[in-house]
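I opened this model today to look up two things: greasy surface and empty space. Here are my notes, friend.

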Amino acid sequence: MEAAARRRQHPGAAGSASAQPGASFPQARHSAAKADEAASTAPFHLDLWFYFTLQNWVLDFGRPIAMLVFPLEWFPLNKPSVGDYFHMAYNVVTPFLLLKLIERSPRTLPRSMIYISIITFVMGASIHLVGDSVNHRLLFSGYQHHLSVRENPIIKNLKPETLIDSFELLYYYDEYLGHSMWYIPFFLILFMYFSGCFTPIKAESSMPGVALLLVMPSGLYYWYLVTEGQIFILFTFTFFAMLALVLHQKRKHLFLDSNGLFLFCSFALTLLLVALWVGWLWDDAVLRKKYPGVIYVPEPWAFYTLHVSGRR
């Protein structure tokens, strides 16, 4: 009777005692999910890496080439060029592939950061679309990429002189603001994906043969991206952040999986190609004048207008 009275006075006592074992269930599930996440290893994403490399070469690298190849009569100077349509397609396809890549990450990545990065990427690439469209169309009027805006023959004599300021503003949107808002979130997304490309099984830290075939075109494209986009500092910071992460994870006995190895090898090849490119053009006096300072990384299109198109 006394026991029954005590139970009536404290009805939650028995319930709380019985609830204590169950309280650990969410924590156990969370720990199990974390363990599964750490142990899982994604297979090599051949489809995504192939499409990613293909669209980079066609829609980005091939964009200015298409503008020079297609007849001017098909795309008048007061209308979007074929390269502009390539850029529009790039602005849609690339964020889609980046999102699909993030979806396949074995590690849960911060969604808010991914969304903000994708939105900023699209905005920056769209700003670049407009500025780059006008700058490349100026080539048909005699604009020379190896010269600064004010030193270009078709611009330095414009009247009133405030028009020159407008062209410099256009160049700023194209080469600085557009590139920053485009490439910073791009490399941030790749780094976040890379942070999840680790496995505790050393035998899985290898690339299939088809991945080795993609490393060369992938690394070569990133060389073009780094040199033409003038993002050597950003790229170098990203690469060494990846290297530091690899060394840190190695102390935990975690190794890069096939996707992480592919990305890391592509970036390492890019760094080598940039070093060779700079060494080859180290003594070019004209390019040195356009790219003063400690960091000297000439743009391929500046080299083209100076040494290739000028001989035709």
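**Nonpolar patch**

I looked up the surface first and found a nonpolar patch formed by Leu46, Phe50, Tyr51, Leu54, Val58, Val210 and Leu213, with about 640 Å² of accessible area together. Helix 3 (46-69) and helix 7 (209-229) are the elements that give two or more residues to this patch. Helix 3 supplies the largest share, 5 residues.

My notes on terms: patch residues have over 30% relative accessible area and no salt bridge, and nonpolar side chains (Val, Leu, Ile, Met, Phe, Trp, Tyr) are joined within 5 Å, like charges within 9 Å. A salt bridge is a side-chain nitrogen of Lys or Arg within 4 Å of a carboxyl oxygen of Asp or Glu. Areas come from the Shrake-Rupley method with a 1.4 Å probe, and for residues only the protein chains shown count as cover. Helices (H or I, at least four residues) are DSSP runs numbered from the N terminus.

The model is predicted: local features need pLDDT of at least 70 and side-chain atom pairs 80 or more, while totals for chains, interfaces and linings use all residues. Residues are numbered from 1 along each chain as its sequence is written, and side-chain values use heavy atoms, without hydrogens and water.

**Tyr51**

Is tyrosine 51 buried or exposed? I found tyrosine 51 in helix 3; with a relative accessible area of 47%, tyrosine 51 counts as partly exposed, the class between buried (under 20%) and exposed (over 50%).

Technical notes: Buried means under 20% relative accessible area, exposed over 50%, partly exposed in between (1.4 Å probe, protein chains only).
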